Amino acid sequence: MATGERILIVESDPDIADLIARQSLQPLGYQVIVMGDPASALMSAVQTPPELIIANINLPGLSGKDLLTALNSHGVQSPLIVIAEKKQEADAIQAFRLGASDVIFWPVRDTEVVSIVERALRQTKEKRERLKLDLQLKSANEEQQKRLRDLTTIVTMVKSVISITDQRLLFDRILENVLQLAEADICWLMLRDERTKTYLLRSQRNLPEAWAKKMNQPLDDGISSLVAQSGHSLLMNGSPLQKFKVAALGKAVGVIPIKIQNEVIGLLIVVRKKDREINRDGQILLEAMADFASISLVNARLFRALEQTAENARTGEKHRHAALDAMREVIHGELQAAGYPLNFVLTEMPGALNAEQKQALRSVQEALSRLSRSSENTMIPASPKNKSS
């Protein structure tokens with residue numbers, strides 16, 4: 001049973017038009033339009049292509065073959081069945097070569113008309129379904145390829161976060177990958193200055209010069225501040241975006257917070273020039289890239305903390321050595337000072353002492369000498385680096 005397909009009949013003979021339209025097709029539910037003027041029929045088919053065209057090969061002024069050529073030149077894809085007399089087999093073959101899908105040889109019975117029309121419509125439907133399946137398969141393949149590229153990009157980014165210690169280079173790499181993952185035209189990254197608590201432009205890709213010259217300065221795009229306050233990703237496109245300054249760059253935007261725990265320390269912004277929404281999958285990929293930026297910032301903080309700890313340790317070691325050296329000098333000086341009067345008494349006043357006293361003083365002098373040597377040997381020596389300095 002027909003489902004209301006539109007069929008255009010181009011026929012100047014009323015008897016033929018009546019048999020095909022009124023007697024054969026309309027009772028089956030087809031929407032049949034009969035036109036006797038080929039030029040008017042061509043205009044109608046171009047403006048509103050029907051599901052099927054049936055045209056007599058012997059039309060006055062513009063033959064069926066000419067009509068077929070004109071339809072092809074205008075890109076009309078509707079299948080066309082030609083009506084020919086039984087002695088016009090050669091003309092029918094030529095019409096097939098021009099793209100006709102079938103032929104009705106006149107005179108004909110209404111059942112034959114129905115059979116030919118249904119076959120043509122069925123072939124067209126099958127062709128459209130095959131085309132639809134081909135397009136779906138192509139789309140699925142393209143989506144699969146994109147997902148593979150995205151996965152490869154994510155894996156590469158993980159390796160970069162681990163291996164690249166230059167944070168500026170890492171941010172550049174992140175933005176390069178963001179452009180690919182988000183299919184964006186422009187992107188930039190802003191980080192919070194810990195002293196002023198403002199967000200400064202730190203890296204960018206494809207920003208106009210007037211915006212790019214704000215490097216290491218605050219950049220007001222009219223929308224990032226909302227994400228900085230809320231801590232949630234914001235995706236926007238179309239007319240709602242027009243009231244924000246960033247609309248000067250494109251028609252779709254995504255702003256993703258870069259967070260450490262629940263604290264927003266940066267912002268990742270992407271812009272598409274075309275009005276094409278960033279979908280949920282795109283948001284997930286962008287948030288993954290923001291996480292990589294966050295990891296790199298945490299790594300940088302840890303690295304700085306380790307460096308500071310090591311520096312503090314080195315400074316503490318220097319101070320300890322300096323204190324010990326000073327103590328050694330003091331002890332050494334005191335021992336020498338204590339030994340001086342003993343030496344004076346033993347050398348300058350030998351007659352003032354008896355043998356027992358002299359022996360006691362010499363024992364004390366030897367003890368002081370041993371202590372002086374011991375103070376030099378038991379103190380922790382300065383490191384080679386300290387000695388050289």
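**Briefing: helix 2, Asn56 and the largest pocket**

In this predicted model, the buried residues of helix 2 pack against strand 1 (6-10), strand 2 (31-35), strand 3 (52-56) and helix 3. Strand 3 also holds Asn56, whose surroundings are set out below, and helix 3 (64-73) contributes to the lining of the largest pocket.

**Helix 2**
- Helix 2 spans residues 38-47, and its buried residues are Pro38, Ala41, Leu42 and Ala45.
- These buried residues lie on the same side of helix 2, because they cover an arc of only 100° around the axis.
- In an α-helix there are 3.6 residues a turn, so residues three or four places apart point the same way.
- Met43 and Gln47, by contrast, are exposed on the other side of helix 2.

**Asn56**
- Asn56 counts as buried because its relative accessibility is 8%, where the cut-off for buried is under 20%.
- The side chain of Asn56 makes a polar contact of 2.7 Å with the side chain of Glu11, and a polar atom of the Asn56 side chain lies 2.8 Å from the backbone nitrogen of Asn58.
- Beyond its neighbours within four places in sequence, Asn56 is in contact with Val10, Glu11, Ile16, Gly64 and Ile83.

**The largest pocket**
- The largest pocket, with a volume of about 370 Å³, is lined by 17 residues, of which Gln77, Ser78, Pro79, Thr124 and Lys127 lie nearest its centre.
- Two or more lining residues come from each of helix 3 and helix 5 (110-163), with helix 5 giving the largest share, six residues.
- By residue type, the lining of this pocket comprises eight nonpolar, seven polar and two charged residues.

Definitions and conventions: Residues are numbered from 1 along each chain as its sequence is written. This is a predicted model: local features need pLDDT of at least 70, side-chain atom pairs count only at pLDDT 80 or more; totals for chains, interfaces and linings use all residues. Side-chain values use heavy atoms; hydrogens and water are left out. On a 1 Å grid over the protein atoms alone, a cavity is a set of points where a 1.4 Å probe fits but cannot get out, and a pocket is an open set with protein on both sides within 12 Å along at least five of seven lines; lining residues have an atom within 4 Å of a point. Grid points are joined across faces, edges and corners, and a volume is the space filled by probe spheres set on the points. Helices (H or I, at least four residues) and strands (E, at least two) are DSSP runs, numbered from the N terminus. Ala, Val, Leu, Ile, Met, Phe, Trp, Tyr, Cys and Pro count as nonpolar, Asp, Glu, Lys and Arg as charged, and the others, Gly among them, as polar. Buried means under 20% relative accessible area, exposed over 50%, partly exposed in between (1.4 Å probe, protein chains only). The arc is that of the directions from the helix axis to the C-beta atoms. Contact means heavy atoms within 4.5 Å. A polar contact is a pair of N or O atoms within 3.5 Å; within protein, one must be able to donate a hydrogen and the other to accept it, and residues adjacent in sequence count only if both atoms are side-chain atoms.
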